[in-house]
Amino acid sequence: MNGCLCYSSELHILEHKLIVSNLKKEAISLYTHALIKISLLPRSKPRFFSFTETRDGYTIIVEDDLCKELPHTESIDMPDLVWRVLSVSAGAYGNNQLTGISRIVKTVITPLADCKVSVLVISTYQSDFVLVKEVDLDTAIKCLARNYKIFKDSGSGLEPVILSIGDRMDGMTKMIERKADKHRPIVHPFTCAKNRFHVTSLDCRILPSLTSILIDLMFYSNSPEDQGCESFFHLSIVEGDISLVLDSEALSRFPKGSLYTNTHDEGWKMIRVGDTPLGFEESGIVAQLSEPLTGVSTRTFYIGTFFYDHLLVPESEVEKATELLSSLQVR
């Protein structure tokens, strides 16, 4: 899917206020009960919950009022930062194919990078969510007003965000000038994992029957034995929509037919970005990787974590993608 959005052009600022934290690997047993209570019990109804295991730890993203459920120990890094969620209206997508952030690169990712707004991106089976720090929300709104009608979710409904001409001009002046055909240099090293990944989902009504499998994958997983494979598992629950990113070995644990599979899902390869923690201050990292791939019509999923970023591309296109990204990398 290329070019600008041609259906609906609404961007929604969700009401959720989120906290992003990192839990050390060896401490997961101290948090298992709390995380199950937040996400997997029959009465659990998180409005936004994201759990990602990597070799570096567990990135947990929850609503600020649920943070009290997580024990505050030395094993968890929880910066005093509040994040807001931006989501493009589903009507703007025009189809249900798994295209990932490719559809929002030119109209969301690029403008925010040009305005030097740092983002944390979470792609799911159903949608893509762009998290910005609450202190940057006004700047983000001004930067994106050129491409979208913007609405805030107040909890009781959507309310339009009205910008003055001065605010719109301020958004334009914040954007850096860059030649449209000039790609940003890729400043962080990246590696491509050997294992094959899948982006899938499940019906929340059958969640109770699969809870034991999810608990096993979340809290009792083992690192891949094959050298060059990446330890990675992602679960998100957003307003009842459940999304999973997992490798083929983990996928095989689910009963046949229990997960949604896209007929075009041939499997995905994961590119891990960064060799030292990226932090939350630098802007433009997502744009550096997604812009050139979108330019050659490569679908991309993106999952940011506390320390590093993870880009997924179709297995059949990984060689082309890595060659292109390598050609743009700063040596």
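This section describes the fold, the nonpolar cores, two enclosed helices and the salt bridges of a predicted model.

The protein has 331 residues, and 55% of them count as buried. Its secondary structure comprises 8 helices and 15 strands. Contacts across the sequence are prominent in the counts. Among contacts with a separation of 6 or more, 79% are accounted for by residues 24 or more positions apart. The accessible surface comes to about 15,000 Å². Carbon and sulfur atoms hold 51% of that surface.

In soluble globular proteins, nonpolar side chains tend to be buried together. In this model, the largest nonpolar core contains 41 residues. Within this core, Leu11, Leu86, Val108, Leu112 and Val130 touch the most other members. The surroundings of Leu112 were examined further. Beyond its neighbours within four places in sequence, Leu112 is in contact with Leu86, Val117, Val119 and Val130. Contacts of Leu112 also include Val132, Ala140, Cys143 and Leu144. Another core, of 37 residues, lies apart from the largest one. Leu40, Ile60, Leu66 and Leu244 are among its members.

Two helices were considered for burial. Helix 2 spans residues 105–114. It is largely enclosed by the rest of the structure, because 9 of its 10 residues are buried. The buried set holds Val105, Thr107, Val108, Ile109 and Thr110, together with Pro111, Leu112, Ala113 and Asp114. Val108 and Leu112, named above for their contacts in the largest core, thus belong to the buried residues of helix 2. Just after this helix, Lys116 takes a positive phi of about 60°.

Helix 7 covers residues 285–295. Of its 11 residues, 10 are buried, so helix 7 is also largely enclosed by the rest of the structure. Ile285, Val286, Ala287, Gln288 and Leu289 are buried, as are Ser290, Glu291, Pro292, Leu293 and Thr294. Cover for these residues comes from several elements. Among them are helix 2 and helix 8 (318–327). The cover also includes strand 6 (119–123), strand 13 (268–273), strand 14 (301–304) and strand 15 (309–314). Just after helix 7, a positive phi of about 60° is found at Ser297.

Side chains of opposite charge can pair when their charged atoms come close. The structure holds 19 salt bridges. One of them joins Asp128 and Arg103, at 3.0 Å from N to O. This pair links distant parts of the chain, with its partners 25 residues apart. Asp128 lies in strand 7 (residues 128–133). Arg103 lies in the loop between strand 5 (83–88) and helix 2. Both partners are buried. Asp128 has a relative accessible area of 1%, and Arg103 has one of 8%.

A further salt bridge joins Arg253 and Glu249, at 3.3 Å from N to O. Arg253 is partly exposed, with a relative accessible area of 31%. Glu249 is partly exposed at 46%. The side chains of Glu317 and Lys320 also meet in a salt bridge, at 3.7 Å from N to O. In this pair, Glu317 counts as buried, at 16% relative accessibility. Its partner Lys320 counts as partly exposed, at 42%. Elsewhere, salt bridges that share partners join Arg55, Asp56, Glu230 and Arg272 into one network.

Notes. Residues are numbered from 1 along each chain as its sequence is written. This is a predicted model: local features need pLDDT of at least 70, side-chain atom pairs count only at pLDDT 80 or more; totals for chains, interfaces and linings use all residues. Side-chain values use heavy atoms; hydrogens and water are left out. A nonpolar core is a set of buried Ala, Val, Leu, Ile, Met, Phe, Trp, Tyr and Cys residues joined through side-chain atoms within 4.5 Å. Buried means under 20% relative accessible area, exposed over 50%, partly exposed in between (1.4 Å probe, protein chains only). Contact means heavy atoms within 4.5 Å. A salt bridge is a side-chain nitrogen of Lys or Arg within 4 Å of a carboxyl oxygen of Asp or Glu. Helices (H or I, at least four residues) and strands (E, at least two) are DSSP runs, numbered from the N terminus. Accessible areas come from the Shrake-Rupley method with a 1.4 Å probe; for residues, only the protein chains shown count as cover.
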